[in-house]
Amino acid sequence: EGLPAWTVDLDSDLITEDERVSVPEFFCGRPVKTPERYLAIRRHLMSLWERQPEGVYLKKTACLGFKGDVNAISRVHTYLEAIGVINKGLAPMTTPPKEPTKSRKRGGAAVTSNKDRSKKTRRPPPPPPALAPASDTGP
């Protein structure tokens, strides 16, 4: 089920063993992904969560203002969500499917989106140029 929310404190410099195992890239001696960087990302995400209106899901895209490896930040977000520190009891919001692009008329002819053009019947390529007949005259 994960750790209770109280085990991760926004102001704490303590990193749990579970965090080290769940997001190991920050704890293997890389020069850019350091434990300090992990703490900065964790604090940022938890701070964003605390400022969210109650009942509003904190999307991963809300974290894009924080500089760094977007995928690593996303993994920290996923970890904090899994242990119930952020988005506890909230389901991720899904994006509604986009409506198909409507065709519009330009100069009397219908113009469709690129998606629709791939389905259109294409004109066959022109035939190759006719070869000149070989001459029967010899040297």
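**Exercise 1. Asn87 and its surroundings**

Work out whether Asn87 is buried or exposed, and find what its side chain reaches.

*Solution.* Start with accessibility: Asn87 has a relative accessible area of 3%, so it is buried. Keep in mind that we're working on a predicted model here. Next, place the residue: Asn87 sits in the loop between α3 and β1 (104-106). Now follow the side chain, which comes to 2.7 Å from the backbone nitrogen of Leu58. Last, list the contacts. Setting aside neighbours within four places in sequence, Asn87 is in contact with Trp49, Val56, Tyr57, Leu58, His77 and Glu81.

**Exercise 2. From Asn87 to His77**

Asn87 is in contact with His77; say which helix holds His77 and which residues His77 touches.

*Solution.* His77 belongs to helix α3. Its relative accessibility is 1%, and since buried means under 20%, His77 counts as buried. For the contacts, skip residues up to four places away in sequence. What remains is Leu45, Tyr57, Leu58, Lys59, Lys60, Cys63, Ile86 and Asn87. Tyr57 and Leu58 turn up here, and they're on the contact list of Asn87 too.

**Exercise 3. Helix α3, inside and out**

Check the span of helix α3 against expectation, then sort out which of its residues are buried and which are exposed on the other side.

*Solution.* Step one is the ruler test. Helix α3 runs over residues 70-82, and its 13 residues should span 18 Å at 1.5 Å a residue. The end C-alpha atoms are 18 Å apart, so the span agrees.

Step two is the buried set: Ala72, Ile73, Val76, His77, Tyr79 and Leu80. They cover an arc of only 165° around the axis, so they lie on the same side of α3. If the numbering looks familiar, here's the general reason: an α-helix has 3.6 residues a turn, so residues three or four places apart point the same way.

Step three is the other side, where Asn71 and Ala82 are exposed.

Step four asks what does the covering. The cover over the buried residues includes α1 (17-22) and α2 (35-51).

Finally, look at the ends. At the N-terminal end, Asp69 acts as a cap, with a side-chain oxygen 2.9 Å from the backbone nitrogen of Asn71. Just after the helix, Gly84 adopts a positive phi of about 85°.

**Exercise 4. Salt bridges across the chain**

State how many salt bridges a search of the whole structure finds, then trace the partners of Arg43, Glu19 and Glu25.

*Solution.* The search turns up 5 salt bridges.

Take Arg43 first. It pairs with Asp13, and the closest N and O atoms are 2.2 Å apart. This pair links distant parts of the chain, with Arg43 in helix α2 and Asp13 in the segment before α1, 30 residues apart. Arg43 is partly exposed at 28% relative accessible area, while Asp13, at 55%, counts as exposed.

Now Glu19. Its side chain meets that of Arg42 in a salt bridge at 2.8 Å, N to O. Glu19 is in helix α1 and Arg42 in helix α2, so the pair ties together parts 23 residues apart in sequence. Both Glu19 and Arg42 are buried.

On to Glu25, which forms a salt bridge with Arg75; the closest N and O atoms are 2.8 Å apart. Glu25 lies in the loop between α1 and α2 and Arg75 in helix α3, so this pair ties together parts that are 50 residues apart in sequence. Glu25 is buried, with a relative accessible area of 12%, whereas Arg75 is partly exposed at 39%. Don't stop at the pair, though: salt bridges with shared partners join Glu25, Lys33, Asp69 and Arg75 into one network. Asp69 is also the residue that caps α3.

**Exercise 5. Phe27 in its loop**

Locate Phe27 and name the residues it touches.

*Solution.* Phe27 is in the loop between α1 and α2. Leaving out residues up to four places away in sequence, Phe27 touches Ile15, Glu19, Arg20, Pro35 and Tyr38. For a distance check, go 10 residues along the chain to Arg37: the C-alpha atoms of Phe27 and Arg37 are separated by 10.0 Å.

**Exercise 6. Zooming out**

Give the pattern of helices and strands in the protein chain and the share of its residues that are buried.

*Solution.* The chain has 4 helices and 2 strands, in the order α-α-α-β-β-α along the sequence. Of its 139 residues, 27% are buried. For contacts between residues at least 6 apart in sequence, 59% join residues at least 24 apart. As for surface, the chain exposes about 10,800 Å², with carbon and sulfur atoms supplying 57% of it.

Terms used:
Residues numbered from 1 in each chain as written. Predicted model: local features only at pLDDT ≥ 70, side-chain atom pairs only at ≥ 80, totals over all residues. Heavy atoms only, no water. Expected span 1.5 Å × (residues − 1). Buried < 20%, exposed > 50% of the residue type's maximum accessible area, 1.4 Å probe, protein only. Arc of directions from axis to C-beta. Contact = heavy atoms within 4.5 Å. Polar contact = N/O pair within 3.5 Å; in protein donor to acceptor, adjacent residues only side chain to side chain. Areas by Shrake-Rupley, 256 points an atom, 1.4 Å probe, with all protein chains shown as cover. Salt bridge = Lys/Arg side-chain N within 4 Å of Asp/Glu carboxyl O.
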